[in-house]
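The following exercises concern the interface between two protein chains. Each task is followed by a solution in steps.

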There are 2 protein chains.
Amino acid sequence: MHDFYALAVHGGAGTISPSVDTQSETPYHKALRQAVAAGEAILSSGGAALDAVIAAVCELENCPLFNAGRGSVYNADAMHEMDASVMDGRTLAAGAVAAVRTIRNPVVLARAVMEHSGCVMLAGEGAERFAHERSIETAPPEYFATKQRLDQLMRIRQVAAGAGLDHDDTITSKPGEPIDPDRKFGTVGAVARDRLGNLASAVSTGGMTNKRPGRIGDSPVVGAGIYADNRSAAIAATGTGEHFIRTVAAYDIAARMLYGGESLATAAHSAVFERLAAISGRGGVIAVDNMGNLVMPFNTSGMYRGWVREGEDIGTAIFSVPPSSISRY
Amino acid sequence: MHDFYALAVHGGAGTISPSVDTQSETPYHKALRQAVAAGEAILSSGGAALDAVIAAVCELENCPLFNAGRGSVYNADAMHEMDASVMDGRTLAAGAVAAVRTIRNPVVLARAVMEHSGCVMLAGEGAERFAHERSIETAPPEYFATKQRLDQLMRIRQVAAGAGLDHDDTITSKPGEPIDPDRKFGTVGAVARDRLGNLASAVSTGGMTNKRPGRIGDSPVVGAGIYADNRSAAIAATGTGEHFIRTVAAYDIAARMLYGGESLATAAHSAVFERLAAISGRGGVIAVDNMGNLVMPFNTSGMYRGWVREGEDIGTAIFSVPPSSISRY
């Protein structure tokens, strides 16, 4: 009866201002559409949700517009430390990597951790060694280096040093920059339901600009930035990571459904607008349940997102939509 | 009305066999009692749950009998990599460290992360650097080195190499060893309710013997190995870490109470005997709610534990007790 697929992706949430020139938003819409299409190609040929979310996140990691893989932000040492995770709703199997520096597609390593390491979570040098064992593709530092992200690091350092502003404050945008998300919220993610009703989630990030080396955000933390359980939903989060960890945001949605009998839409809305907001957390989630319902609530001014349901066109959006649409998508 | 305190500690769960000579269990009971007493000294003088759980866990970290701080197990590189976390039920503030090597009391560093880093979770070298910034006490490698743990590493390597056994299987005990927990389950933890009704949890571990370097278990993962929320309960878990991560075991108990209206006893029992057991997870939790109810369910043959409630004597136990007692304590 419900043998159709559904998939959603996001490219981060934050203080995003509509540009004067909407043409400059085009590359973002195009990249989101490409990620959705990569996942859909798998689902439409009967493939698994797990494969689809990995394919979609790889596209977003490979695109320098988003803060994951190529295009990752710099930490306080002007280095890249990337986190990623994946979860399979059929079995609750999960894999995550934290603070990896040389992995071309961290989400691919997260999957290898899930399938071959005997662990759920591997960090730092140990994760790199495991990647070498599994012949996971690496890339040199210059692959991850982008001028845009280095400029961001320099700006946030100036703001922090000159004006004495708290790092947690919203970063001032550089004049002329068309789209200025608060880069600290940058993450990419995907959730999917395949035709068999299996759910899966995947997440990847470069973390936050100027972050303390060794800082682990919510992205590789099962329950916080990611969760997937066929009995409830597949969830991928993006936002102020520490708040998502403290509220166990992703699993909070699943638990509201499992124990409180809430619908996906109500559960996700409550998690983002009530529980997370109560401790000043900002960001959003994308989620799909086993009926193929898709929701993408966020409490910031924008969240890069794309979605598709079998038989419908691919949709993409950046800014807020009326509340009635939020429950639909 | 409920202005009394309650505190529980654990020193790990696993395949523990009653010794022929019960005298050899004495040091464990003594150490558990000492940890409870350290926490109680704070609570009985009107101190905070947060201070009490840190004090109790420091005692357990300082005792070489338990797998945390001094007495931590060795990883596959014959090194120590320790994890710890703390959470404050008043504010949902949390702090965690993963894979630290030189910190005398990792739980003290976890508290510093919570209070001074702007992060929730710091790993590896970055965590060590933060410790240096905060002048947190370190210790040389020989402080953490114990012959007993090195012997365990050698035995598990022999078992793994010689018999081709899976590392996940229970380790064979050495003849003559009085108490032989499956060391992979070794963790210490404490939960408390103070006279003001505030809840807090703390956890610390050396991880599992022969673990893959960089492996992060449930102990520093908020929601999995630890949670505390004044509205529900303070929880500290111990067991097969990966299963606790996948089921978000600690927060699962809080969520059952919050969204399902379950009592602490029912919620903790379901989390350990149903949800965790469904994916073959083994271990237990200690938990206290804001009424001062204490529960300590475990699905292994033993769990080192100690507890006290204001006006009552300190209790300690290692093996199973009748179910009626489990719901009381």
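**Exercise 1.** Determine which side chains A:Arg212 and B:Glu133 bring together, and how many salt bridges the rule finds across the interface.

Solution. The side chains of A:Arg212 and B:Glu133 form a salt bridge, with N to O at 3.2 Å; the term requires a side-chain nitrogen of Lys or Arg within 4 Å of a carboxyl oxygen of Asp or Glu. Across the interface of chain B and chain A, 4 salt bridges are found. The model is predicted, so local features need pLDDT of at least 70 and side-chain atom pairs pLDDT 80 or more, whereas totals for chains, interfaces and linings use all residues. Residues are numbered from 1 along each chain as its sequence is written, chains are lettered from A in the order in which they are written, and side-chain values use heavy atoms, without hydrogens and water.

**Exercise 2.** State how much area chain B and chain A bury between them, and which residues of chain B supply most.

Solution. About 3400 Å² is buried, 58% of it on carbon and sulfur atoms; this is the accessible area (1.4 Å probe) lost on putting the two parts together, summed over both. On chain B, B:Arg212, B:Arg246 and B:Tyr259 supply 21% of the area buried against chain A, more than any other three residues. The contact (heavy atoms within 4.5 Å) takes 43 residues from chain B and 43 residues from chain A.

**Exercise 3.** Identify the bridge partner of A:Leu122 in β7(B).

Solution. Strand β4 of chain A (residues 121–123) and β7(B) run antiparallel, joined by 2 bridges; strands are DSSP runs (E, at least two residues), and two of them pair if DSSP finds at least two bridges between them. Within β7(B), B:Arg215 is the bridge partner of A:Leu122.

Definitions and conventions:
Helix = DSSP H or I, 4+ residues; strand = E, 2+ residues; numbered from the N terminus.
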